[in-house]
Structure formats: structure tokens, C-alpha cells
Amino acid sequence: MFTRVVFAEAVKSLKVYFFSTRTLFWALALPLGNGLYLYFLYLPFATKSVDLQFGATTYTIDLVGFTIIGQLLYSFFTMMLLAGASFDAERWQGTLEVLLLSPASRVAILLGGALANAVNYVWMLVALVLSWVAFIHVGIFVTDPLALCGSLLLSYSAMMALGMCLETVDVYSRRGSIFTAWLQEPVMFLSGQIFPLQSLPVFLLPLSYLLPLTFGLMAVRLTLLGGASIYDVRMPLATLASMTLIFFILASLLVNYAERRAKTKATLTQF
Amino acid sequence: MFGRKSTTVIRALDQVDFEIQDGELFGLLGPNGAGKTTTVKILCTLLEPTSGHAFVKGYDVIKDGGHVRKIVNMVAGGERMLYYRLTGRENLKYFADLYDVPKKEVTTRVNNLLELMGLSDRADDEVEKYSKGMRQRLQVCRGLINDPEVLFLDEPTLGLDVNIAKDLRNFIREKVVREQGKTVLLTTHYMYEAEEMCDRVGFLSKGKLVAVGKPEELKRELPSGFSIELLVTRATEETIGSLRQLEPVKKVIETDYEGEAEGEKIDRLIVNVDSDKAVPQVLSHMANKHCRVVSFNLRGPTLEDLFMFYTGEK
Amino acid sequence: MASHSIRVIASTAKVNLIMTWRFFSWTGFALRFFTPLMTLGAAWILYNVVYARQTLPPGFGAVIGSSGYLSFITVGNAFYVFVFAAAFVVGRVMFWERATGTIEATFMTPMSRLAYMSGIMLAAATNSLIDFAAVFILGLAFGFQIALLNAPLFLSSLLLTAFGLFGIGLITNAITLTFRDRTTTANSLMILFMVFCGLVCPVELMPPWAQLISKALPLTYGVRLMRASLLGIVTVDPMHDIAALLVLDAIYVVIGAITLAQIEKNLRKKALFSIF
């Protein structure tokens with residue numbers, strides 16, 4: 001029953017929300033657009049590289065690659081927020097009650113919606129390749145393909161699990177979509193997407209370390225552009241794996257709580 | 001995802017041609033999907049017909065759409081057409097502005113309508129806090145805010161409590177039509193509602209207007225003047241077929257019925273006969289066929305009979 | 001007719017402000033505010049930490065004059081808040097009305113549709129003015145300094161840009177309604193303006209293809225005029241920018257008005273008022 005619900009929800013999400021021309025366009029336009037924005041932000045400084053401090057080592061990363069990777073992963077994070085917005089859409093379409101009327105596992109519903117984002121992730125990788133073609137001087141430096149694959153997969157799983165947590169807010173309240181939209185800019189700022197993490201004021205770093213995007217960016221940039229091995233990025237990979245588990249458990253607890261509260265306060269039909 | 005979908009053309013209305021007189025309460029009846037809402041939406045300029053013309057008070061709904069919108073309004077069943085985040089009063093004031101109701105009349109008119117519909121106490125609460133019945137009553141207020149010459153009511157009592165629906169029907173018939181002289185087009189699939197309210201009715205079936213006239217005149221067109229409503233058990237197809245062959249019987253219509261008698265399913269039959277003298281013959285036929293007659297009711301033709309006669313639907 | 005239109009504008013603006021503040025209140029304000037806040041913060045970090053206040057390249061220095069990098073960024077981002085009004089509010093109003101079921105009741109009335117949309121823009125722009133002021137106040141903390149104040153130029157750039165954005169909002173509204181799109185078009189528009197209007201980098205430093213795109217966007221001229229009126233940065237004759245803005249505004253508003261009429265006609269013909 002659990003896997004059946006996961007599959008059904010994933011198929012529905014793909015058909016209704018994701019597998020449409022405009023969503024695919026957006027999955028392409030978002031990383032390219034934001035990437036250009038970052039590139040222009042750096043342009044006045046006439047620089048072609050960025051120094052990333054990781055432990056005792058300083059990696060010099062190509063600027064274009066730095067911004068594109070940042071946009072790729074950040075755009076996926078935004079897509080995870082949109083997964084939550086599907087509950088918001090259920091709300092104003094009047095189908096949220098019907099969904100929660102069923103005996104289907106709520107975690108399975110969350111997981112199905114999050115898995116549907118896999119389509120967007122694949123499409124975003126296409127965006128990455130296109131960006132590489134457009135900026136032909138990007139210096140890719142991969143010494144350990146396994147490390148790169150692990151970085152991409154664990155970034156995906158950790159952000160997916162976080163996305164499931166955020167979806168529960170949309171169950172609880174019609175203001176859920178505002179809350180998740182709030183997160184976009186702070187996450188952009190704190191995750192090291194725009195500038196190297198070591199430039200962030202020290203008192204903000206604990207907040208950065210709560211975000212899977214921070215570690216995802218670290219791992220993918222270092223393995224794709226800095227030639228890091230799996231041993232070099234063991235810390236961010238281990239953190240991402242732990243975050244996947246923790247956020248998944250948290251989502252399971254939160255969704256039931258959110259549903260009970262929403263039913264107590266009769267907010268399921270408000271939009 | 002990228003391919004073009006094939007489209008099937010559905011003819012929502014087909015050669016529909018009728019007139020409504022000033023001050024008349026006209027009922028447009030038909031099952032779901034017959035084209036009632038489509039007709040209403042064309043007349044209040046929310047839809048454009050593919051061909052043909054429609055006029056309201058002499059104004060073409062397409063060419064003179066702006067003028068038509070000033071003199072009509074529509075109340076639909078269901079809970080939409082209101083701003084949920086505004087209060088009842090704010091909704092009405094807003095629509096008063098959109099309809100350019102004279103400013104000095106707005107407050108009085110809003111207050112009067114709210115009082116008329118029993119919403120004065122809740123006028124300053126957001127609509128999302130209203131019950132379904134309250135929202136529907138507020139819709140009626142919205143429908144009257146511009147004092148329209150023509151009012152379209154599209155299943156206005158849908159989902160309302162029995163007593164509220166009855167009050168609404170009385171209000172429309174007595175106040176809106178008789179007292180204020182407005183012209184009303186009502187769509188409904190509750191036959192008793194049309195019977196209670198309408199001066200004339202039209203029957204729509206699959207987009208076609210199959211009959212128009214006063215209910216009493218239309219009833220006279222039924223092949224027979226009486227109907228026997230039978231509730232029976234053990235009625236087989238053979239039994240019903242043989243009933244149809246009886247001489248005084250003009251038509252036998254099987255309708256849906258939920259119920260059992262002593263563990264046996266009850267069937268409801270409407271038997272059109274030409275005279276009330278046919279009753280003993282019909283009853284004894286059923287007894288001879290070993291059917292048990294749970295109840296029978298002899299009545300003159302109703303709109304329901306007309307509806308089934310013209311549309312052939314249950 | 002004119003008095004009714006003014007009444008519709010005022011009434012529509014009023015109810016939309018009521019609904020926005022009743023539902024969103026301070027949460028909506030914060031939402032709009034975060035993008036410029038983040039950009040200011042990122043710019044500050046890049047300038048002061050990453051590149052440690054190194055002298056800016058001569059090319060950039062010539063473009064921005066003596067006002068400083070952070071003043072340059074602050075003015076650009078302050079204006080960006082109006083893009084939200086156009087893209088997300090005006091650009092999605094009919095979509096949202098249809099989704100919530102009020103579009104038929106509203107469009108059955110004899111109101112001027114353009115007046116109605118103007119009311120929506122007025123409400124959104126009023127909210128944006130609050131964000132606009134907040135960005136400047138925040139900018140002070142990040143190092144923003146007004147070099148001079150040319151009030152007539154400041155006001156005219158504000159009004160003319162808002163007008164052009166309104167036209168773009170009308171066009172966006174037609175797109176979101178036609179394609180039943182909730183956020184993609186509006187978000188794409190936001191990115192387009194964010195990237196190509198010289199908010200974080202002078203247009204003159206961008207590649208030629210990017211400069212070409214920027215020429216078609218009213219915000220490009222608006223931001224340049226605003227920088228001229230507050231920071232004294234004049235890279236193009238302001239009268240030239242005002243003329244370009246007037247032409248663009250006229251084009252966008254006319255196209256927007258035509259698409260508005262066309263989209264309503266389309267909704268009627270294809271019975272799409274109730275399908276969302």
C-alpha cells in the first residue's frame with residue numbers, strides 16, 4: 001500500500017504539476033536566469049575565479065562554474081519548495097480534504113510528490129550541460145567521478161527530505177506557501193551560493209550548517225570544479241546522508257501533527 | 001506532452017429559440033448537461049454563441065454587451081462569485097461600485113438587502129466565515145445590488161436547507177417579480193420548484209428546446225391526463241411489458257427508487273392512463289402477475305411527468 | 001463614464017489593499033522585501049569581504065562615478081520591488097480571480113476592464129512604495145548615500161517606470177490566464193528584469209546581446225534615471241531615457257490593453273471563465 005501510494009502520488013504530481021511544458025521551461029530558465037544574475041553581480045569586479053576555503057585547503061574555482069553549480073542546486077531547492085506548493089494548489093482547488101480523507105499514508109503522499117521532482121532534477125542537469133556549452137571556457141576538473149555522483153545524489157536526497165518537511169507546513173496552514181517562499185532568499189544568502197561560505201559573518205555560519213544546500217554546494221563544487229576526491233568531501237557527504245535521514249523522520253512526525261492541527265482549527269478548506 | 005490533443009465538438013445548445021416577456025418568471029428546466037447554464041451565461045454576456053443572436057431588453061448581448069451588463073445580474077448556485085476575504089458588506093459595496101450604483105444610494109441599498117436576507121448581524125464578518133446558506137443569501141444580495149431589470153437565477157437553491165430554499169423562492173416570486181416587476185429567468189432541475197414559481201417553462205434536452213409554454217398548457221399535451229404512481233415489488237420486464245399492452249395505458253415509465261419492502265426491492269412505475277377509471281384494471285393486472293403493490297397514488301400530470309415525457313430521461 | 005472608471009479604480013484598489021493586508025499583513029511585506037535585502041547583503045559581502053574593498057576596475061569606476069558601489073546597488077534594487085507588483089499582482093489577477101471563482105461576477109459588470117486593472121496596479125504599487133522606502137532605509141545601513149536630489153527627475157522616473165510595468169503586467173496577465181500558469185510567467189519576468197536591467201551591474205558593462213535585451217525593458221531606463229536623480233550618475237542624457245521610456249510605456253500599455261480586450265473575448269468564445 002505504501003509504495004502504491006508513493007507511485008500514484010508521483011504519477012499524479014508529474015501529470016498535474018510537473019510534466020508540463022511550462023514546468024520544464026521553468027526548470028531550464030530558472031538556473032540559467034539566476035546564473036546570469038550572479039555572473040553580472042560579479043562582473044564589475046572583473047574576476048574570473050573564486051577561492052573556496054575548505055578545511056586547510058583553498059580551492060580556486062572558475063567563476064562561471066561556481067555560479068552555475070550554485071544555480072543548479074539552488075534551483076533544485078526552489079523546486080522542492082514548489083513541491084510544497086502542490087499542497088497549496090490542492091487547497092484552493094478544494095482537493096486537500098479529499099486527499100486527507102483517504103487512508104493513504106501521509107508520508108507516502110509526501111514522498112511521491114518529492115520523487116516527482118526527480119524529473120526536474122534530470123532536466124536541470126540538462127540545463128547545466130547547456131550552460132557548459134554556452135560558456136565554453138568553464139574549467140571542469142573531475143578526478144573522482146564516484147565522488148561527483150555521490151555528491152549529486154546525496155544533495156538530491158537531503159533536499160528532497162527537507163522539501164518533505166516544508167510540505168507539511170502547507171498542510172497545516174494556507175500561509176504555508178508564504179513561509180516556504182520566505183526561505184528562498186535567506187537560503188540563497190546563507191548557503192554559499194552567491195559568495196564563498198568563508199566570507200559569511202561568523203555568527204551566521206551555524207544557520208548555514210543547518211541547510212543541506214550548504215553541504216551540497218560544497219561537495220559538488222569541489223568534486224566537479226576542484227578535483228576533490230571522495231575522501232576530501234567525506235564530511236559534507238556524511239552530513240548530507242545524516243540530513244536525509246533526519247529530515248525524513250522529521251517529515252513523518254510533522255505531517256501527522258500538521259494534519260491534526262489543521263483539522264482541529266478547520267483550516268483545510270481555507271485558501 | 002508535446003502533441004496536440006484531438007478535440008471533440010460538443011453542441012451545448014442547438015437552435016434554441018424562445019422569448020420571455022417583461023415581468024415574467026420563466027423557468028428553464030432540464031437535466032444536467034442540457035444547456036441551461038450555457039443559456040444563462042450567453043444572456044448575461046459571459047459566453048458568446050457560436051452562431052445566432054440573443055437579445056436582452058432589445059439589446060444584442062454581443063454588440064451591446066456593455067449596456068446589457070448594466071441591466072442584468074446573475075445569481076448562481078454554489079459558493080463562488082464572492083470574495084471570501086472581504087466581509088459581506090464590503091462585497092456588496094464593491095459590486096455597487098462596479099455597477100456604478102448612485103453613491104448616495106449605496107449604503108441604504110446595501111443595508112436593506114442585508115436586512116432582507118437576514119445577514120445584518122454578520123455583515124461585517126468575512127465571507128469565509130459564513131455558512132453555505134449565508135453565502136447563498138449574500139449572493140442574492142449581490143444579484144440585486146444594481147437593481148437589475150432582468151435577473152438570472154442559475155439553480156439558486158442548490159445545496160440550501162429546505163426552509164431557506166422555500167423562503168428564497170417566496171422572496172423571488174412575491175418580492176422580486178410580483179412587487180418589483182422584474183423579469184426573471186430561473187434554471188433548475190427541481191421540478192417542484194418550477195411548478196411553484198414559474199409563469200412559463202421551457203424544457204431543454206441535450207441542447208435542444210423541446211417544449212415551451214405555461215405548465216398547465218403543456219400538461220394538456222401529455223398523451224394522457226392522469227398518472228398512477230405505483231410502488232411495487234417483484235415486477236419483471238415481462239410484467240411491465242404486458243402492462244404497457246393494456247388498453248387504457250398510454251405509457252409506463254420506470255424511475256429510480258431506493259427502498260425495500262420485506263426484503264424485496266421496490267420499483268417505482270409512473271403509468272399514464274387516459275382516465276381515472278383505469279385504476280382497478282391496472283391494479284388487478286399487477287396482482288395477476290404476482291406483483292405486490294406497496295402503494296399507489298393517482299394524480300394529475302406534473303412537471304416531472306412532462307419532463308420525462310419530453311426528455312425521455314429519468 | 002470617466003467618473004465610473006475613476007470609481008472602479010479607487011474601489012478596486014481599496015478592496016485589494018484590504019484583502020492583501022487582511023490576509024498577508026506583514027508576512028507579505030517581508031516576502032517582497034527579502035530579494036532586495038539579500039542582494040544588498042550579497043553586494044556588501046562581495047565588496048567588503050571577498051574583494052576587500054579593492055579599487056574597482058576603471059571601467060566600472062567611470063560608470064558609477066563617485067557615489068560608490070553600494071549606493072549603486074541600493075537604487076537598482078529599490079526599483080525592483082515594483083516589478084513584483086507588475087508580474088505577480090497585475091500579471092496574475094485574472095488567473096487568481098478565476099481560481100477563486102469571482103471572475104464571472106466581476107466581469108459580468110459594466111466596469112471598464114482597464115480601470116479595473118489600473119485599480120489592481122494602484123493597490124500593488126502602493127504596497128510596493130512601502131517596500132521601496134524600506135530598501136532605501138536598509139541601504140543606509142549598508143552604505144547608501146544620496147549624492148544629490150533631483151526631485152522632478154526622481155518622481156518622473158518613478159511614475160513613468162510604473163506605467164511601463166503596468167503595461168507589461170497586462171500582457172503577463174493575458175499569458176498566465178491563457179496558459180493557466182500560476183507562477184512560471186511571473187517568475188520568469190522577475191528574473192528577466194533582475195538580470196538585464198542593470199540592477200547589480202551597469203548595462204554598459206554587459207555583453208552586447210544582454211544590452212540589446214535591456215533596451216526593451218522600461219526598468220532599465222527607470223533605474224538609470226533614478227541613479228541620475230539621486231547619485232548624479234549620468235551615463236546617458238536623461239531626456240533621452242525619458243523619451244525612450246515614454247515610447248516603451250505607450251507600446252506596452254497599448255499592447256496590454258489590446259491583449260486584455262482580446263483575452264476577455266477569448267474567454268467568452270471558448271467558455272473559459274469557469275475553467276481554471
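Q: Let's start with a loop. Between which strands of chain B does B:K206 lie?
A: This is a predicted model, so read everything here as a property of that prediction. B:K206 sits in the loop that links strand 7 (200–205) to strand 8 (208–213) of chain B.

Q: What is the sign of phi at B:K206?
A: General idea to begin with: most residues other than glycine have a negative phi. B:K206 is not a glycine, yet its phi is positive, at about 50°.

Q: Which residue in the loop between helix 10 and strand 13 of chain B should I look at next?
A: Try B:H290, which is placed in the loop between helix 10 (279–288) and strand 13 (292–299) of chain B. Its phi is near 65°, again a positive value in a residue other than glycine.

Q: How do I read burial here, and is B:H290 buried or exposed?
A: You count C-beta neighbours inside 10 Å, and 12 or fewer means exposed. B:H290 has 11 of them, so it counts as exposed. B:K206 has 18 and therefore counts as partly exposed.

Q: How can I check the length of a helix, say helix 4 of chain C?
A: Allow 1.5 Å a residue and compare that with the distance between the ends. Helix 4 of chain C covers residues 69–89, so its 21 residues should span 30 Å; the end C-alpha atoms are 31 Å apart, which agrees.

Q: And how many residues of helix 4 of chain C are buried?
A: The count is 20 of the 21, so helix 4 of chain C is largely enclosed by the rest of the structure.

Q: Now helix packing. At what angle do helix 11 and helix 12 of chain C pack?
A: The idea is to compare N-to-C directions, and an angle over 145 degrees counts as roughly antiparallel. Helix 11 (residues 218–231) and helix 12 (residues 238–269) of chain C pack at about 150°, their axes 9 Å apart. That angle is why helix 11 of chain C is called roughly antiparallel to helix 12 of chain C. The crossing of these two helices is left-handed.

Q: Which residues of helix 11 of chain C make that contact?
A: A handy rule for any α-helix: there are 3.6 residues a turn, so residues three or four places apart point the same way. In helix 11 of chain C, the contact uses C:P218, C:Y221, C:G222, C:R224, C:L225 and C:A228. Their partners in helix 12 of chain C include C:I242, C:L245, C:D249 and C:Y252. By class, the contact has 10 nonpolar, 1 polar and 3 charged residues.

Q: What about a packing between chains: how do helix 3 of chain B and helix 1 of chain C cross?
A: The axes of helix 3 (residues 88–98) of chain B and helix 1 (residues 2–23) of chain C come within 9 Å and cross at roughly 155°. That makes helix 3 of chain B roughly antiparallel to helix 1 of chain C, and the crossing is left-handed. Chain B brings B:E90, B:Y94, B:D97 and B:L98, while chain C brings C:R7, C:V8, C:S11, C:V15 and C:I18. Those residues divide into 5 nonpolar, 1 polar and 3 charged.

Q: Last one: how many residues are in contact between chain C and chain A?
A: Interface size is often given as the accessible area lost when the parts come together. Here you have residue counts: 32 residues of chain C are in contact with 27 residues of chain A. On the chain C side, helix 2 (25–50) gives the most, with 14 residues. That side has 23 nonpolar, 8 polar and 1 charged residues.

Notes: Residues numbered from 1 in each chain as written. Chains lettered and ligands numbered in written order. Predicted model: local features only at pLDDT ≥ 70, side-chain atom pairs only at ≥ 80, totals over all residues. Helix = DSSP H or I, 4+ residues; strand = E, 2+ residues; numbered from the N terminus. Expected span 1.5 Å × (residues − 1). Contact = placed C-beta atoms within 7 Å. Nonpolar A, V, L, I, M, F, W, Y, C, P; charged D, E, K, R; others polar. Axes fitted to C-alpha atoms, helices over the stretch in contact; angles between N-to-C directions. Parallel < 35°, antiparallel > 145°, perpendicular 65-115°, else oblique. Left-handed = near helix turned anticlockwise from the far one by under 90°.
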